Amino acid sequence: MISYGKQQISDADIAAVNDVLRSDWLTQGPQVPKFEVAVSEFCNVKHAIAVNSATSALHIACLALEIGNEDIVWTSPVSFVASSNCALYCGARIDFVDISPLTGNMDPTKLEEKLSLAKQMNQLPKAVIVVHLAGQPCDMARINSLSKQYGFRIIEDASHAIGARYKEGTIGNCFYSDITIFSFHPVKIITSAEGGIATTNCPKLARKMAKLRSHGITNIESEMTEESHGPWYYQQQMLGFNYRMTELQAALGLSQLSKLEEFVRIRNQLASIYRSKIAKLPCTHLLQQNDCYSSYHLFIILLDHSVQEKHRVTIEKLREKGIQAHLHYIPIHLQPYYQQMGFKSGDFPCSEEYYKRAITLPLHPQLTEQDIDYIIAVLSDIL
Ligand SMILES: *Cc1c(COP(=O)(O)O)cnc(C)c1O
């Protein structure tokens, strides 16, 4: 089976994890801070807080922004459920902004229209979680300027987008947002097995997220409300969690980070081969914006309307031929859990239309041009 995404683990990665196993620290040692420094240097951002998953990173990001049960959070329907569940963890209400049918990213014009309506009804969101679908950054300059006009915070769910660039800046620099989060799940661009990280330029948000990741506890003397009782002393100052990343994960992540740019370069190369080879087929790919360099976590095509009724059969037949075609994503508001909350089919038409036409084709650094030729030949037969 040609899988849709797959990790690439080198001998150096294995050695790095082995070294940790033989060291004194399996958790709470030197690797996590080293990984955090390396990610913040790569992204050109002041702080990075490593955690056990991007889902945890999204949760503590929302808590750090003080999202609670009085608040409303907006995100894109075309994402993994974690992008919106994080707001529900905090007791907030969730709503969605429909996508642009061309890029699959949140449509800033629809965001603007929805904000203007929400303002009239006194229902403005406290935060908007934007999702850089497949690795292509959203229109951050415009979303950032709307955030100033309407007074909301921005979290970038960049689970797909480590190594991507927007207007010369690296995603994760938080130039247009309060917090950016990355995922290191094995299908993502680089992996720590499970793992995630939150980046920010705000020292207050960074400290709060660092506490929330570890039970709400601090052992930094300057943060304490009374004098230390002794060398064992720590204080719990808020209700936190155990969302810590292990030393094994951090060592793997750190080793993988050294290959990030190479992985993204290969993904872009393979994507451009795909783009030229699908040109003859009745489908398009997600439009790439000029001011973006995608990390190409996924290669997504959209079937033309003329062949749209073959959508399901195309994915099934690709799989029969050993090609793990996939679909990212089922619009979140169509999930039964969200329908119970009152969302209905028809609420976000562009996302629903996208769901009827989108197919994810395999893309990872071990994929070859011959694999792509085979995939295109099978796809061409089906269509
Ligand atoms: C993978 C993913 C997540 C969750 O990442 P985990 O590290 O598995 O928790 C969140 N959002 C998006 C868009 C993702 O693709």
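**Sheets, helices and a ligand site**

Q: How are α5 and α6 arranged, roughly parallel or roughly antiparallel to each other?
A: In this predicted model, the axes of helix α5 (residues 108-120) and helix α6 (residues 140-150) cross at roughly 10°. Axes are lines fitted to C-alpha atoms, for helices over the stretch in contact, with angles from 0 to 180 degrees between N-to-C directions. Angles under 35 degrees count as roughly parallel. Therefore α5 and α6 are, relative to each other, roughly parallel.

Q: Within how many Å do the axes of α5 and α6 come?
A: Helix α5 brings P108, T109, L111, E112, L115, S116 and K119 to the contact, while R142, I143, L146 and Y150 come from helix α6. Contact here means heavy atoms within 4.5 Å. The axes of the two helices come within 10 Å.

Q: Which strands stand at the edges of the seven-stranded sheet, and why is one side of each left without a neighbour?
A: Helices (H or I, at least four residues) and strands (E, at least two) are DSSP runs numbered from the N terminus, and two strands pair if DSSP finds at least two bridges between them. This open sheet has mixed pairing and the order β1-β9-β8-β5-β4-β2-β3. Each edge strand has a single partner, so one side has no neighbour in the sheet; these strands are β1 (47-51) and β3 (93-96).

Q: What is the average twist from one strand to the next in that sheet?
A: Look first at the pair formed by β5 (residues 153-157) and β8 (residues 179-183), which run parallel and are joined by three bridges. Within this pair, D157 of the model stands opposite I181 in β8. From strand to strand in the seven-stranded sheet, the twist averages 20°.

Q: At about what angle does α4 run to β3?
A: Helix α4 covers residues 82-89 and lies across four strands: β2 (72-75), β3, β4 (127-131) and β5. Its angle to β3 is about 155°.

Q: Which strands does α7 touch?
A: Helix α7 spans residues 203-213 and packs on the sheet. Its direction makes about 15° with that of β1. The strands it touches are β1, β5, β8 and β9 (196-200).

Q: Which residues are closest to the ligand?
A: The ligand is surrounded by 14 residues, each with a heavy atom within 4 Å. A polar side-chain atom of D157 lies 2.7 Å from a ligand nitrogen atom, and one of S159 lies 3.3 Å from a nitrogen atom of the ligand. A backbone N or O atom of A54 lies 2.9 Å from a ligand oxygen atom. The closest residues are T55, D157, H160, S183 and K188.

Q: Which residue is the bridge partner of C283 in β14?
A: A three-stranded open sheet has the order β12-β14-β15, with antiparallel pairing. Its edge strands, β12 (283-285) and β15 (358-361), each pair on one side only. Three bridges link β12 to β14 (residues 299-303), and there the partner of C283 is L303.

Q: In which loop is K167 found?
A: Residues are numbered from 1 along each chain as its sequence is written, side-chain values use heavy atoms without hydrogens or water, and local features need pLDDT of at least 70. Side-chain atom pairs count only at pLDDT 80 or more, while totals for chains, interfaces and linings use all residues. Phi of K167 is near 45°, a positive value in a residue other than glycine. Its loop is the one between β6 (165-166) and β7 (169-170).

Q: What is omega near for the peptide bond from H328 to Y329?
A: Y329 sits in the loop between α10 (311-320) and α11 (336-340). The peptide bond from H328 to Y329 is cis, with omega near 10°.

Technical notes:
Parallel < 35°, antiparallel > 145°, perpendicular 65-115°, else oblique. Polar contact = N/O pair within 3.5 Å; in protein donor to acceptor, adjacent residues only side chain to side chain.
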